[in-house]
Amino acid sequence: MRMIDVSGWKKYKIIEIFNVKNTHSILSTEVEEDSGEFPYITASKENNGVETYVDISKDKTDKGKCLLIGGKTMAISYQENDFVSNDSHNLALYLKDNREVSLNVWLFLKTALQCSISHLYSWGDSISSKSIRKDYIYLPSVDEKTPDWEYMDKYISGLEMAVQKRINDYQKISFKKNNKIDVSNWGDFHIYDVFDIDMGTKLDKIKMDTSEEEVAFVGRSNANNGVIQKCKLIKGLKPYKAGNLSLALGGAYLGSCFVQEEPFYTSQNVIVLIPKEDITFETKQFIATAIFKESQNNYKAFIKELNSHVKHDFKFKLPIDTNGNPDYGYMHEFMKKIKEKSDIILDNLSVV
């Protein structure tokens with residue numbers, strides 16, 4: 001990607017551009033996971049900081065349309081809607097004079113702020129509403145005192161169009177026909193036909209010791225293979241083996257199913273699927289996708305979740321062999337071809 005010419009950019013005090021406010025500090029013990037519509041924001045760099053969605057009184061929320069800085073991690077995100085902030089000494093930055101700008105401008109400001117101040121702070125020397133008063137942000141400008149808001153909007157818009165065009169071009173090259181897979185001859189299977197179902201370790205994230213990163217901790221997330229943090233090995237509690245699958249039974253990411261690549265524990269409402277046969281990683285990926293697709297099509301968070309169905313009437317489709325058994329060979333080869341095509345696209349995108 002071409003470097004941006006910043007020779008005409010100007011330096012502004014952050015407090016000249018933003019009103020800085022401390023967010024509310026709502027402990028995770030004060031909220032119930034997947035209980036409502038307000039995003040519960042942490043200092044994580046994953047999933048725009050959203051850990052779950054909660055039900056909480058309006059007076060404990062913070063206003064949206066702001067940049068949120070994770071007080072300990074310096075993770076910066078744009079929060080469009082009202083949100084609930086955790087107890088990480090987070091800061092919310094609102095544009096002065098209630099200036100209305102586009103999403104593109106907010107995304108530009110997020111990146112500019114990250115580049116301007118992220119290197120100034122660390123876990124042991126975290127940012128605060130006091131320390132940020134001396135910090136600066138570099139922005140394109142129309143004169144010595146006026147940021148060029150129009151340039152920011154057009155730059156992100158142009159970048160988005162360029163990337164989308166490149167993606168579309170490579171999709172046309174690699175997938176010339178958008179043929180749907182014919183599943184009319186596939187068979188219906190219960191999860192227990194293919195896996196032994198283990199209800200997981202049912203651990204609470206807040207109680208995990210993260211002083212050492214020895215074991216993956218898998219939660220109800222659709223990002224990072226479901227791994228929401230690393231934790232210390234619990235004496236007397238053996239982790240599940242790498243190669244088993246995790247499945248989220250409910251919540252906003254219901255049906256998220258992943259092949260775990262390292263030993264792991266699970267949070268509440270995440271079960272473990274242990275293959276009954278020695279099948280390949282690619283085959284497991286195929287089946288995980290089939291389970292996720294069925295979950296998304298026929299189940300719904302908070303209304304019809306998987307908990308009461310997964311061991312009973314939950315069925316999903318798989319290709320079958322001449323004997324009516326799952327065709328693991330087909331699944332393996334199918335995923336190999338998908339991976340080969342994806343690798344080509346990613347290699348080409350790396351030059352954007």
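**Salt bridges, exposure and backbone in a predicted model**

Tutor: In this predicted model, the side chains of E144 and K10 meet in a salt bridge, with 3.2 Å from N to O.

Student: What makes the contact between E144 and K10 a salt bridge?

Tutor: A salt bridge requires a side-chain nitrogen of Lys or Arg within 4 Å of a carboxyl oxygen of Asp or Glu. The N to O distance for E144 and K10 is 3.2 Å, so the pair meets the cut-off of 4 Å. E144 lies in the loop between β10 and β11 and K10 in strand β1, so the salt bridge ties together parts that are 134 residues apart in sequence.

Student: Why is E144 called exposed, and why is K10 called partly exposed?

Tutor: Exposed means over 50% relative accessible area, and partly exposed lies between 20% and that value. E144 has 58%, so E144 is exposed. K10 has 24%, so K10 is partly exposed.

Student: How do you know that R220 forms a salt bridge with D34?

Tutor: The closest N and O atoms of R220 and D34 are 2.9 Å apart, and the limit is 4 Å. R220 lies in the loop between β14 and β15 and D34 in the loop between β2 and β3, so this pair ties together parts that are 186 residues apart in sequence. Both R220 and D34 are buried.

Student: What makes the pair of E80 and K65 a salt bridge?

Tutor: The N to O distance is 2.7 Å, and the definition asks for a separation within 4 Å. E80 is in the loop between β6 and β7, and K65 is in the loop between β4 and β5, 15 residues apart. E80 has a relative accessible area of 38%, so E80 is partly exposed. K65, at 37%, is likewise partly exposed.

Student: Which residues are joined into one network by salt bridges that share partners?

Tutor: E33, D34 and R220 form that network. The structure holds 12 salt bridges.

Student: Why is V183 called partly exposed?

Tutor: V183 has a relative accessible area of 32%, which falls between the cut-offs of 20% and 50%, so the term applies. V183 is in the loop between α3 and β12. Together with I181 and Y330, V183 forms a nonpolar surface patch with about 230 Å² of accessible area.

Student: What is notable about phi of N47 and phi of N224?

Tutor: Phi of N47 is near 55°, a positive value in a residue other than glycine. Phi of N224 is also near 55°. N47 lies in the loop between β3 and β4, and N224 in the loop between β14 and β15.

Definitions and conventions
Residues numbered from 1 in each chain as written. Predicted model: local features only at pLDDT ≥ 70, side-chain atom pairs only at ≥ 80, totals over all residues. Heavy atoms only, no water. Patch = residues over 30% accessible without salt bridge, like charges linked within 9 Å, V, L, I, M, F, W, Y side chains within 5 Å. Areas by Shrake-Rupley, 256 points an atom, 1.4 Å probe, with all protein chains shown as cover. Helix = DSSP H or I, 4+ residues; strand = E, 2+ residues; numbered from the N terminus. Buried < 20%, exposed > 50% of the residue type's maximum accessible area, 1.4 Å probe, protein only.
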